[in-house]
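Reader: I'd like a close look at one part of this model, the second largest pocket. Could you walk me through what lines that pocket, and then show me the strands and helices elsewhere in the fold?

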Amino acid sequence: MKTLHVGLDDRSYDIHIAPGLLSQAGALCRAALPRAGRLAVVTDSHVGPLYGETIMSSLAGAGFQAELVTIPAGESSKCLSMLGRLYDAFTAQGLTRSDGVVALGGGVVGDLAGFAAATILRGVDFVQIPTTLLAQVDSSVGGKVAIDLPAGKNLAGAFWQPRLVLMDPACLRTLDDKTFSDGMAEVIKYGCIRDRAFFDFLCAHSSRTAVMEHIESVLYTCCDIKRQVVEEDERDTGVRMILNFGHTVGHAFEKAGGYETWTHGQAVAAGMVAAERLGAALGVSDGDGFSELLEVLSAFGLPTHIDCDWSAIVEAVGLDKKGDGEAITMIFLSHMGRALPMKMKKEDVLQNLAHVCGR
């Protein structure tokens, strides 16, 4: 088993990575949550039938009174009404502040369940058990939890670190190719912003089969990069912003497609390409590795360009959480493997994006 320790002042935790880890969830949760008697296990309609029984059996074996709460699969569940449904389920179960929540699923489940845990009873402990590649390398680590609002993605949220993250790479075998590729966008992002050698490794192993042959090391590398960044900047006011490479324009693509046409990974992939082109136009990116980026994204079936209504881009830049008044911190690459945060006026970002997009 590979283990990473995320060292924070008051909410440190371990990330465990190993095949077959779901069956050990009960014992590991008991060690992380020694006072808990009840656990609410939040999952979705896709994941529950696959792994719900294994998790519930393991938790029962460790002495937990656990109840399964199943939400409809899909981004549309990350909303206020579903948050209210979780609150009702938690209170009906009789959760107290010494109990906890387990998020079993992808990023939607983790974000929603985590936000519910952060806010019910002013905060109860929770455990992340991510079952998709995107959730394993990105959303389950770092403590960002949120729901979507009609105005945009993740606009209501909190920082609430998990007490434990359990990653079973065997769960990835059940993903369809589109969902696997969705996660690969975030995997590739880590190489772009922090680790040129890792980026080169991905270029040389640019298929699902090749990545899965090294999946434990891939998960460990991505989580280790995020761990380092989060330990340095838990609240996303400095270096942690580099994790949003490709996300500013990417969120516009997601919203323009109603969060259904384009997945998060697809939108981020095209967003990274847009950011690189904008960085080159501004003279802050040397273009090193750009052709390789296009090739590796395409190899995993990810788009390098998405047509988007200009109003959606304007709105996304205006609402971006990296914004500060009339300014926004854009994330570029000075060269492949090195992110470059750059504070710009929003109007300048839009003017230069319009030029890059041929408007």
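Author: Sure, and keep in mind that this is a predicted model. Let's start with what builds the pocket wall: helix 11 gives the largest share of the lining of the second largest pocket, 4 residues. Helix 11 (264-282) has company there, since helix 10 (247-256), helix 13 (310-319) and helix 14 (346-356) also supply at least two residues each. In total 17 residues line the pocket, and Phe253, Ala274, His305, Ile306 and Cys357 lie nearest its centre. By character, the lining splits into 12 nonpolar, 2 polar and 3 charged residues. The volume comes out at about 250 Å³.

Now for a hairpin. Strand 11 (residues 327-335) has 7 of its 9 residues buried, and it pairs with strand 12 (residues 338-345) in the antiparallel sense over 8 bridges. Leucine 333 sits opposite alanine 339 of strand 12. There are 2 residues between the two strands, and glycine 337 in this hairpin takes a positive phi near 95°.

Then there's the open sheet: 7 strands in the order 1-2-9-6-5-3-4, with mixed pairing. Strand 1 (2-6) and strand 4 (65-71) are at the edges with a single partner strand each, so one side of each has no neighbour in the sheet. From one strand to the next, the twist averages 15°. Inside the sheet, strand 5 (residues 100-105) and strand 6 (residues 125-130) run parallel over 6 bridges. Helix 4 (residues 107-119) packs on the sheet, touching strands 3, 4, 5 and 6, and its direction makes about 170° with that of strand 5. Helix 9 (residues 215-232) packs on the sheet too, touching strands 1, 2 and 9, at about 10° to the direction of strand 1.

Key:
Residues numbered from 1 in each chain as written. Predicted model: local features only at pLDDT ≥ 70, side-chain atom pairs only at ≥ 80, totals over all residues. Heavy atoms only, no water. 1 Å grid on protein atoms, 1.4 Å probe; cavity = no way out; pocket = protein on both sides within 12 Å on 5 of 7 lines; lining within 4 Å. Points joined across faces, edges and corners; volume = space filled by probe spheres on them. Nonpolar A, V, L, I, M, F, W, Y, C, P; charged D, E, K, R; others polar. Buried < 20%, exposed > 50% of the residue type's maximum accessible area, 1.4 Å probe, protein only. Pairing = 2+ DSSP bridges. Axes fitted to C-alpha atoms, helices over the stretch in contact; angles between N-to-C directions. Contact = heavy atoms within 4.5 Å.
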